[in-house]
Amino acid sequence: MALATQLPARLAAGDTTFTAGLGEVAITPDVKMTNHYTTHKPFGVVHDPLHVRALVIGDGATRGALLVWDLLDAGNSAVARAREEIEKVTGIPASQVIINATHTHCWIIPTAAAVATWACRATR
């Protein structure tokens, strides 16, 4: 994400306006939902809530987003779908979106569409 690497020098030179925003969407599964990944039984209890969190930064001309989701991984199809949806809804270019997973084993395996929806909500 070029914006993140160029921004400190541009700010120091006084030639830009910096904006930042944070977003969060809860994605904790219902305790009655089946845990298809490990036990194949309902979750039964929630130990910690799960989220998708986003940091959106901009310089007045370009915006970029860093997302962290509490999922097992950031698979290629889910990342591509999330970037596509974020670009369509927010105008943030897909090439300016970085996605990271916290690697939890306490979540279902969601569809790429569900992940894209959550990611998009967090970046608004």
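**Salt bridges and helix H2 in a predicted model**

Visitor: Which type of contact do the side chains of glutamate 24 and arginine 53 make?

Guide: The side chains of glutamate 24 and arginine 53 form a salt bridge, with an N to O distance of 2.7 Å. The two partners lie in distant parts of the chain, 29 residues apart: glutamate 24 belongs to strand E1 (residues 19-26) and arginine 53 to strand E2 (residues 51-58). Please bear in mind that this is a predicted model.

Visitor: Is arginine 53 buried, partly exposed or exposed?

Guide: The category follows from the relative accessible area: under 20% is buried, over 50% is exposed, and the range in between is partly exposed. Arginine 53 has a value of 38% and is therefore partly exposed.

Visitor: Which residue other than glutamate 24 should be examined around arginine 53? What is the distance between the closest N and O atoms of aspartate 70 and arginine 53?

Guide: That distance is 3.9 Å, and the pair forms a salt bridge. The limit for a salt bridge is 4 Å, so this pair falls within it. Here too distant parts of the chain are linked, the residues being 17 apart: aspartate 70 is in the loop between strand E3 (63-69) and helix H2 (76-90), whereas arginine 53 is in strand E2. Aspartate 70 has a relative accessibility of 10% and so counts as buried.

Visitor: How many salt bridges does the structure hold?

Guide: The structure holds three. One of them joins lysine 88 to glutamate 85, at 3.5 Å from N to O. These two residues are three apart in helix H2, and therefore about one helical turn separates them. Salt bridges with shared partners connect Glu24, Arg53 and Asp70 in one network.

Visitor: Why do residues three or four places apart in an α-helix point the same way?

Guide: An α-helix has 3.6 residues a turn, so residues at that spacing point the same way. In this structure, the buried residues of H2 are Ala78, Val79, Ala82, Glu85, Ile86 and Thr90. They occupy an arc of only 135° around the axis, and therefore lie on the same side of H2.

Visitor: Which exposed residues does the face of H2 turned away from its buried side carry?

Guide: That face carries Asn76, Ser77, Glu84 and Lys88. Lysine 88 has a relative accessible area of 64%, so it is classed as exposed.

Visitor: What span should the 15 residues of H2 have?

Guide: With 1.5 Å a residue, the 15 residues should span 21 Å, and the end C-alpha atoms of H2 are indeed 21 Å apart.

Visitor: Which residue follows H2?

Guide: Glycine 91 follows H2, with a positive phi near 85°. A positive phi also appears in a residue other than glycine: histidine 40 has a value near 60°. Histidine 40 lies in the loop between E1 and E2, and its relative accessibility of 55% makes it exposed.

Visitor: In what order do the elements of the protein chain run?

Guide: From the N terminus the order is α-β-β-β-α-β-α, which comprises three helices and four strands. Of the 124 residues in the protein chain, 35% are buried. Among contacts between residues at least 6 apart in sequence, 68% join residues at least 24 apart. The chain exposes about 7,100 Å², of which carbon and sulfur atoms supply 56%.

Conventions. Residues numbered from 1 in each chain as written. Predicted model: local features only at pLDDT ≥ 70, side-chain atom pairs only at ≥ 80, totals over all residues. Heavy atoms only, no water. Buried < 20%, exposed > 50% of the residue type's maximum accessible area, 1.4 Å probe, protein only. Expected span 1.5 Å × (residues − 1). Arc of directions from axis to C-beta. Contact = heavy atoms within 4.5 Å. Areas by Shrake-Rupley, 256 points an atom, 1.4 Å probe, with all protein chains shown as cover.
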